[in-house]
Amino acid sequence: MPPRLFDLSSTWHLPVPPEKVWAIIADINMSWPNWWPHCSFAGPLVRTKPMSNSQEDILKATTAHLNFKASLGYTLTISIHPTDVDAPREIDFDAGGHLKGTGRVVLTPEEQGKATQMDIEWRVQPTQRWMNLLTPIAAPAFTAAHALMMRQGEKGLVKALAKQAPANAK
C-alpha cells in the first residue's frame, strides 16, 4: 500500500501587517524554534552558496532540519527547504525526512493592511513505516495532532510579534 497523501491546511490571523510577519517567518536563519512551541532544531542549518545576497536567494540556499513534537507523543524530524520566495507574500517549500512533500505559506493583508491572514498548506506523505501502517486507522488522530501543532505555532507567532512591536514602533 503506498503512503497516504495528507492535504493539511491552516489559516492564521495575525494582528500586524504582512511585512512584520514576513520578517519573522522568512528569517534567513529559519528561527521558527525561537517562537514555535514543541519545535526545535534537529541539526544545524545546511546552506549552499546562494545565487546572490538577497534574502530570497539566501532562503532558497537554506535547509532547516526541525523536530516537531506532536501531542500524541511522537516527534517528527522534517527538513524544510524553501524553493520559491516571493517577498513579502509567499514561500514554497520542499519537505523531507519523516514527511515528504511540499508546503506553501501565503500572506494576505487584512483590515486595510493592519493585519495579516497567513494560509499554510502542506501536501505530505509519511515516510516512517509505523505511521504508514497506522494511517488507515490513525489518520484522524494524526490530522488532529497536526491541527493542534499549528494552533500552538500561531499562538507562538502572535507572542513573538507582540514582543517585536515595541522595538519597531520607535
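1. Helix 1 is a good place to start in this predicted model. Its residues P18, V21, W22, I24 and I25 are buried. These residues sit on the same side of helix 1, because the arc they cover around the axis is only 165°.

2. Two of those helix 1 residues turn up again in the largest nonpolar core: V21 and I25 are listed with W12, W35, W36, M118 and L157 as the residues with the most contacts inside it. The core has 45 residues in total. Two or more of them come from each of strand 1 (6-14), helix 1 (18-25), strand 4 (62-69), strand 5 (75-86), strand 6 (90-97), strand 7 (99-110), strand 8 (115-126) and helix 3. The top contributor is helix 3, with 10 residues. As background, nonpolar side chains in soluble globular proteins tend to be buried together.

3. W35 is worth a click in your viewer. Leaving aside residues up to four places away in sequence, W35 touches W12, I24, I25, G153, G156, L157 and A160. Two of these partners, I24 and I25, are among the buried residues of helix 1, and W12, I25 and L157 are, like W35 itself, on the list of residues with the most contacts inside the core.

4. Now the cavities, which you may want to look at before any modelling. There are two of 30 Å³ or more. The largest holds about 440 Å³ of space. Its lining is made up of 27 residues, and I78, L99, W122, H146 and M150 are the closest to its centre. Strand 1, strand 5, strand 7, strand 8 and helix 3 each give two or more residues to this lining, with the largest share, seven residues, coming from helix 3. What classes of residue line the largest cavity? The lining has 25 nonpolar and two polar residues, and no charged ones.

5. The second largest cavity has about 30 Å³ of space. I25, A26, D27, M30, W32, L59, P82, I91 and F93 line it. By class, eight of these are nonpolar, one is charged and none is polar. I25 therefore links several points of this note: I25 is buried in helix 1, on the same side as P18, V21, W22 and I24, and is in contact with W35.

6. One last residue in helix 3 (residues 129-169) is P140. Is P140 buried or exposed? P140 is exposed, because its relative accessible area is 60%, above the 50% cut-off. Its C-alpha atom is separated by 16 Å from that of L99, with the two positions 41 residues apart along the chain numbering.

Key:
Residues are numbered from 1 along each chain as its sequence is written. This is a predicted model: local features need pLDDT of at least 70, side-chain atom pairs count only at pLDDT 80 or more; totals for chains, interfaces and linings use all residues. Side-chain values use heavy atoms; hydrogens and water are left out. Helices (H or I, at least four residues) and strands (E, at least two) are DSSP runs, numbered from the N terminus. Buried means under 20% relative accessible area, exposed over 50%, partly exposed in between (1.4 Å probe, protein chains only). A nonpolar core is a set of buried Ala, Val, Leu, Ile, Met, Phe, Trp, Tyr and Cys residues joined through side-chain atoms within 4.5 Å. Contact means heavy atoms within 4.5 Å. The arc is that of the directions from the helix axis to the C-beta atoms. On a 1 Å grid over the protein atoms alone, a cavity is a set of points where a 1.4 Å probe fits but cannot get out, and a pocket is an open set with protein on both sides within 12 Å along at least five of seven lines; lining residues have an atom within 4 Å of a point. Grid points are joined across faces, edges and corners, and a volume is the space filled by probe spheres set on the points. Ala, Val, Leu, Ile, Met, Phe, Trp, Tyr, Cys and Pro count as nonpolar, Asp, Glu, Lys and Arg as charged, and the others, Gly among them, as polar.
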